[in-house]
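Q: I am new to this structure. Please pick one part of it, look at that part closely, and then place it in the whole.

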Amino acid sequence: MSKTKPEPATAGIESKQTTVGSVFVSNYPPYSTWNDDAVLDVHQALGEQPHPDASLGLYLHIPFCRKRCKFCYFRVYTDKNSSEIDTYLNALAKEVELYSKQPAILGRPLRFVYFGGGTPSYISVNHLTALVERIKKVMPWDAAEEVAFECEPGTLTQKKLVAIKGIGVTRLSLGVENLNDEILAENGRAHLSKEVYRIDPWIKELAFDQVNIDLISGMIGETWESWRDTVQKTIELDPDSITVYQLELPFNTVYSKDILGGDALPVADWKLKREWHQYAFEQFEQAGYAQSSAYTVLKKDKPCKFVYRDAVWQGSDMIGTGVASFSHLSGIHFQNAPSWGDYLSNLEEDKLPVYRALKPTDAEKLTREMILQLKLGKINPSYFKAKFDADILTHYSDAYQKLQNDGMLRVIADSDEIQLTQHGLLQVDSLLPNFYAPEYQNTRYT
Ligand SMILES: C[S@@+](CC[C@H](N)C(=O)[O-])C[C@H]1O[C@@H](n2cnc3c(N)ncnc32)[C@H](O)[C@@H]1O
Ligand code: SF4
């Protein structure tokens, strides 16, 4: 797998420029090492009883969008008509029905549900309610701690928001990204800022338990002036939680292809994106928010959790349904068929559309949990001792020493804590390859 040209995602090499190939780290070992041999392990695990303490989540992938944003790396379709969407949603419901009968899933309560995309809010009220009615018959979520739902502001109507609340959504997440219309248009977003203000009163009236706003630092066309304005306007919108991502350019975005094709795009470098990120978090803190991870702030006077994130980062079981979705069950990671045709044809034949998998070793499980939880800003070595019987400070002593010397983190031995510094937290994804096993360094990530 190793290549002569460094892979920005796994090489652990700090690049100043936003080069094509960077990623947001969401799993380990890298996806490129998952394979079809391990799919047999998935089917075996599905036939066995689950671990008695494991909680279960359900992820539903709705891969449709009005337009493809030029920075987006998700699997999305912008050309599907209502009948194709109908076919897809029927396949999705069938997939959940097939899972619900497997011994590893049968009768287990759902702790969390996540409607992700793509844009779950793109589908019609009729499609959404029909899908949910069918799924809830076999996997009900009335007792779930969290039901999260991603929305693109321009796809929401008051009627749709009522339906979303009606299916039990507790966490509504809005892809606002920026509040400057020129920047939104330049980056290929389908919505403009007025659509955010149109839906805001309806959302407040419906009193969801938690409303999150996503922003991106470093969209094309951003300046200090426009970013300050977006940060201020976001505070005025008064969400419960704000997530700030730094613009990544994985290989498959429109912008990445433009750059690889020779276009000179004015992309902010990492230093500037981090300065913008830090500025936003300082402003949010002054406005009454506290940092809960490298990317998220929460209102101090309204403590809320993000069950999905924490469960996934702690290795919970999660069935990921839909085209190209990711799952984790009984210690095995797997992914669904990534093409529309393969996904649908498997389900037409009543087969689960599992396409590639990986059964990590105990050492890999430890690394996975530790690097993902480092994104929270602090971890406790005792957690890993209790769960994996491993002393992480000894196991990863070289990486911890290096990152401590570089001012990225502090090991607070007396209080059982490893804390990232602010400097480290702002670039945490680029630090994580330091913990990768040698065979995964410099491999392609996806
Ligand atoms: C599935 S989308 C959210 C829902 C909806 N599709 C939307 O965009 O409004 C998830 C989030 O990923 C973030 N995102 C997408 N592409 C990104 C990139 N290249 N770099 C950083 N963040 C990105 C955006 O903040 C986006 O809100
Ligand atoms: S960022 Fe959201 S709306 Fe834009 S293409 Fe990606 S999934 Fe669709």
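A: The close look goes to the surroundings of the ligands, and the rest of the chain follows.

First, some ground rules. This is a predicted model, where local features need pLDDT of at least 70, side-chain atom pairs count only at pLDDT 80 or more, and totals for chains, interfaces and linings use all residues. Residues are numbered from 1 along each chain as its sequence is written, while chains are lettered from A and ligands numbered from 1 in the order in which they are written.

Start with ligand 1. A residue is near a molecule if its C-beta atom, placed from the backbone, lies within 6 Å of it. By that rule 19 residues surround ligand 1. Glu150, Glu152, Gly175, Asp214 and Tyr245 come nearest. Which strands each supply at least two residues of this shell? They are E2, E4 and E5 (210-217). Strands here are DSSP runs of E with at least two residues, and helices are runs of H or I with at least four; both are numbered from the N terminus. The shell holds eight nonpolar, six polar and five charged residues. For these classes, Ala, Val, Leu, Ile, Met, Phe, Trp, Tyr, Cys and Pro are nonpolar, Asp, Glu, Lys and Arg are charged, and the others, Gly among them, are polar.

Now ligand 2. Its shell includes Cys65, Cys69 and Cys72. Arg68, Phe74, Val76 and Thr119 are also among the surrounding residues. So are Gly117, Gly118, Glu152 and Gly175. By class, five of the shell residues are nonpolar, four are polar and two are charged. Glu152 and Gly175 turn up again here, having been named among the nearest residues to ligand 1.

The backbone around ligand 2 has a special feature. Gly117 and Gly118 are joined by a cis peptide bond, with omega about 10 degrees. Gly118 sits in the loop between strand E2 (112-117) and helix H3 (125-138). A second cis bond joins Tyr28 and Pro29, with omega about -10 degrees. Pro29 belongs to the segment before helix H1 (39-46).

E4 deserves a look too. This strand covers residues 171-177 and contains Glu177. Glu177 is not a glycine, yet its phi is positive, about 70 degrees. Is Glu177 buried or exposed? Glu177 counts as buried because it has 24 C-beta neighbours inside 10 Å. The cut-offs are these: buried takes 20 or more other C-beta atoms within 10 Å of the residue's own, exposed means 12 or fewer, and partly exposed lies in between, with C-beta atoms placed from the backbone. Asp389 gives a contrast. Its phi is also positive, near 55 degrees. Asp389 lies in the loop between helix H13 (381-388) and helix H14 (392-395). With 9 C-beta neighbours inside 10 Å, Asp389 counts as exposed.

Next, the wider layout. The chain is divided into domain 1 (31-311) and domain 2 (362-446). These bounds come from an automatic or database domain assignment. The C-alpha centres of the two domains lie 26 Å apart. Their contact takes 11 residues from domain 1 and 13 from domain 2. Two residues are in contact if their C-beta atoms, placed from the backbone, lie within 7 Å. On the domain 1 side, helix H9 (270-286) gives the most, with four residues. That side has four nonpolar, six polar and one charged residues.

Further along the chain comes strand E15 (417-420). Ile418 and Leu420 point to one face and are buried, while Glu417 and Gln419 point to the other and are not. E15 pairs with strand E13 (378-379) in the antiparallel sense over two bridges. Pairing requires at least two bridges found by DSSP. Ile379 has Ile418 as its bridge partner. Strand E14 (409-412) also runs antiparallel to E15, joined by four bridges. Here Arg410 is matched with Gln419. E14 and E15 form a hairpin with four residues between them, and Asp416 in the turn has a positive phi of about 55 degrees.

Finally, the whole chain. It has 17 helices and 15 strands. Buried residues make up 45% of the 446 residues. The C-alpha trace spans about 55 × 50 × 50 Å along its principal axes.
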